[in-house]
Structure formats: C-alpha cells, structure tokens
Amino acid sequence: AKELGAGGRVEIYAAHMHTEVVRRLEFQTRLRQALADREFLLEYQPVVDLESSRVTAVEALVRWRDEDGLVGPDEFLGPAEESGLIVPLGEWILREACAKVALWRAADWDIGLAVNLSVKQILSPRFVETVAGVLADTGLPADALTLEVDEEVLLENPGDAVASLAELRGLGVRLAIDDFGMGYASLAHLRRLRVDEIKIDPSFIRDLGNDGTVTLLTSTIIRLGQDLGVRVIAEGIESMEQLERLRAMGCVYGQGFLVAGPMGAEGVEALVGGETGTPLGR
Ligand code: C2E
Ligand code: MG
Ligand code: MG
Ligand code: MG
C-alpha cells in the first residue's frame with residue numbers, strides 16, 4: 001500500500017508537470033504569434049542629468065499589448081528566453097529603438113539610447129554583426145548606443161559573452177552593467193569587461209538614508225565610478241530626498257518615477273520637445 005501511495009503521488013506530480021509544460025509551450029506559441037502580429041511595443045524611460053534635469057538618453061523597455069492591456073517584461077522575458085524567441089524579439093527591439101532615436105537625433109536632439117540585452121541574444125550566432133547591421137541601417141552612431149547587461153550575464157557566461165561585448169565596445173558601442181551591486185562579484189566584473197556605465201540597483205536607492213551600510217555602499221560606488229571614469233546612473237529614484245542625497249554624493253545621472261517613468265515615444269517627444277523647443281521631424 002505504501003508503494004502504491006508513492007506511485008500515486010508520482011502520477012499526480014507527473015500530471016501536474018504535464019499541465020505545466022503544456023501551459024508553458026502554449027504561452028511560448030502565443031508570444032511567437034505576438035511577434036508576428038506586431039503586438040510588442042517599446043516604452044522609453046528618460047535618463048536625466050540630476051543637476052539640470054536635462055534628458056540625456058532614453059532606455060528602451062519592451063511591453064506586450066495583450067487583449068487586456070500592457071504586459072510587462074517580467075511576465076514574458078523568461079519564456080521568451082527559454083524558447084529562443086528573445087533572439088528575433090531582441091533584434092526587433094534594437095532596430096525599432098535605434099530607428100526612433102536616430103530620427104530624434106536627426107531633429108538635432110543630443111540624445112542617447114540604452115537597450116537591455118539578454119544573455120541568449122549575446123550568445124546567439126552573429127550577434128555582433130546584427131548590432132553593427134542595425135546601426136548601419138538606422139544611421140545611429142555607435143557611441144549613441146549603450147547596451148545594458150545584467151551582472152548575471154557575466155557570471156554565468158564568462159568567455160563568449162564577454163568576448164562579444166568587448167568586440168561591440170571596439171566598434172564604439174557603450175556598455176553598461178545593469179543592476180550593479182546585486183551580484184556578489186560586482187567589482188570583479190569591472191576587471192573582466194571594460195564598461196562605460198554602471199547602473200546602481202534600485203534596492204540601494206530605496207534604502208538611502210535609512211540604512212547606513214547601503215548609504216555608504218552607494219557613495220562608494222559613485223566615487224568608484226568617478227575614479228574609473230565610468231558614468232554612474234542611479235536607478236529607481238522615487239523621492240526628492242533620494243534625489244538630494246544622490247546629488248550631494250556627486251551622482252550626475254539618474255532614472256526613476258520621480259523624474260520620469262517609462263513612456264511612449266510621443267511622451268518623450270512632448271517632454272524633450274517642450275524642453276528644447278526644437279520641433280521634431282517625424
Ligand atoms: P531594468 O533594465 O533594470 O529596467 C528598469 C526597470 O525599473 C523597468 O521595469 C522600469 O519600468 C522600472 N523603473 C523605472 N523607474 C522606477 C522607479 O522609480 N521605481 C521602480 N520601482 N521601478 C522603476 P520594466 O520595464 O518592468 O523592466 C524590467 C526588466 O526587464 C528590466 O530591468 C530589464 O532587465 C528587462 N527588460 C526590459 N525591457 C527589455 C528589453 O527590451 N530587452 C531585454 N533583454 N530585457 C528587457
Ligand atoms: Mg536596464
Ligand atoms: Mg536589466
Ligand atoms: Mg536595472
């Protein structure tokens with residue numbers, strides 16, 4: 001009876017696994033169809049100079065327009081990576097964002113673009129050529145593009161990913177480490193790959209002023225960036241107090257709901273167009 005019971009449990013477990021696998025495959029199929037049906041879109045979150053509030057760049061953030069509204073990347077990037085869809089999706093994101101920002105620059109806006117990468121993309125065949133091709137096609141100068149990689153990219157994929165990223169940097173593309181400070185080897189990564197920017201994880205900014213250690217770590221990261229000649233961007237600024245603290249620490253760049261959340265391209269046009277008074281060619 002004992003064995004039967006165990007067997008029963010195994011079967012229940014297997015049935016549950018089966019449902020889960022089917023559910024995942026179905027979701028991956030929906031995502032694939034969504035790409036074909038052009039249901040993905042980009043929002044852009046401004047990166048601002050904390051002193052002047054000038055928008056220096058925008059970060060492209062992907063969304064999926066589902067039947068019931070906008071779905072965020074945390075809901076679908078995992079499955080998109082698992083199924084490999086992230087490779088064509090990532091290329092679409094890059095091309096769409098580069099084209100948009102090239103247009104803005106043609107209207108005389110001095111604005112950069114940041115695009116997030118997933119590790120599957122970086123390790124995909126001919127990734128460097130793809131990026132170079134998109135830049136050539138859209139006319140965006142290489143140094144106007146920053147590619148953001150999470151620390152885990154560097155952790156899990158030492159050799160190949162680092163080599164491709166270094167090659168891209170050789171073409172003039174800028175590199176950023178996203179969510180800096182979350183990995184246990186944040187500092188070691190700076191030795192293995194030369195980067196142009198580090199983005200301080202929002203968890204640090206959230207606890208600024210409340211937690212002495214976090215406050216000290218944040219100011220240390222900012223100083224480190226200054227000493228290395230690496231641009232530091234504070235992410236997730238939500239309050240005036242956080243902004244003031246960051247300014248006092250010498251942090252020059254930031255992103256966050258306080259300044260501007262992610263918005264559609266028209267939102268950026270209204271914001272930056274209103275700021276500079278430059279009419280935008282469409
Ligand atoms: P990330 O690259 O660190 O992007 C910043 C995330 O923080 C965005 O979430 C943004 O909406 C959110 N955020 C901005 N300001 C604030 C703030 O003041 N407070 C808080 N709490 N959050 C803020 P989102 O758009 O949901 O993106 C989540 C993550 O998904 C991104 O984190 C990035 O790792 C990934 N992701 C987004 N778009 C893409 C993409 O096009 N390609 C790839 N590979 N990954 C992407
Ligand atoms: Mg990012
Ligand atoms: Mg990221
Ligand atoms: Mg981040």
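1. In this predicted model, strand β4 is the leading contributor to the lining of the second largest pocket, giving the most with three residues. β2, β4 and β8 (231-234) each supply at least two residues there.

2. The second largest pocket has a volume of about 290 Å³. Its lining comprises 18 residues, and T56, A57, G112, R174 and R231 are the closest to its centre. By class, that lining has eight nonpolar, three polar and seven charged residues.

3. The largest pocket has a volume of about 860 Å³. It is lined by 34 residues, with E59, L61, P73, N116 and D178 nearest its centre. Elements giving two or more residues to this lining include the strands β2 (55-66), β4 (112-116) and β6 (174-180), and the helices α2 (73-83) and α3 (86-106). The class split is 14 nonpolar, nine polar and eleven charged.

4. D178 also takes part in metal binding: the magnesium ion (ligand 4) has D178 (OD), D179 (OD) and E235 (OE) as its protein donors, at 2.1 to 2.5 Å. Along the chain these donors follow the spacing D-D-x55-E. The magnesium ion (ligand 2) lies 4.4 Å from the magnesium ion (ligand 4), and D178 coordinates both.

5. D179 and E235 link distant parts of the chain, 56 residues apart: D179 sits in strand β6, E235 in the loop between β8 and α11 (240-248). D179 has a relative accessible area of 25% and is therefore partly exposed. E235 counts as buried because its relative accessibility is 11%, under the 20% cut-off.

Definitions and conventions: Residues numbered from 1 in each chain as written. Chains lettered and ligands numbered in written order. Predicted model: local features only at pLDDT ≥ 70, side-chain atom pairs only at ≥ 80, totals over all residues. Heavy atoms only, no water. 1 Å grid on protein atoms, 1.4 Å probe; cavity = no way out; pocket = protein on both sides within 12 Å on 5 of 7 lines; lining within 4 Å. Points joined across faces, edges and corners; volume = space filled by probe spheres on them. Helix = DSSP H or I, 4+ residues; strand = E, 2+ residues; numbered from the N terminus. Nonpolar A, V, L, I, M, F, W, Y, C, P; charged D, E, K, R; others polar. Donors = N, O, S within 2.8 Å, 3.2 Å for Na, K, Ca; no water. Buried < 20%, exposed > 50% of the residue type's maximum accessible area, 1.4 Å probe, protein only.
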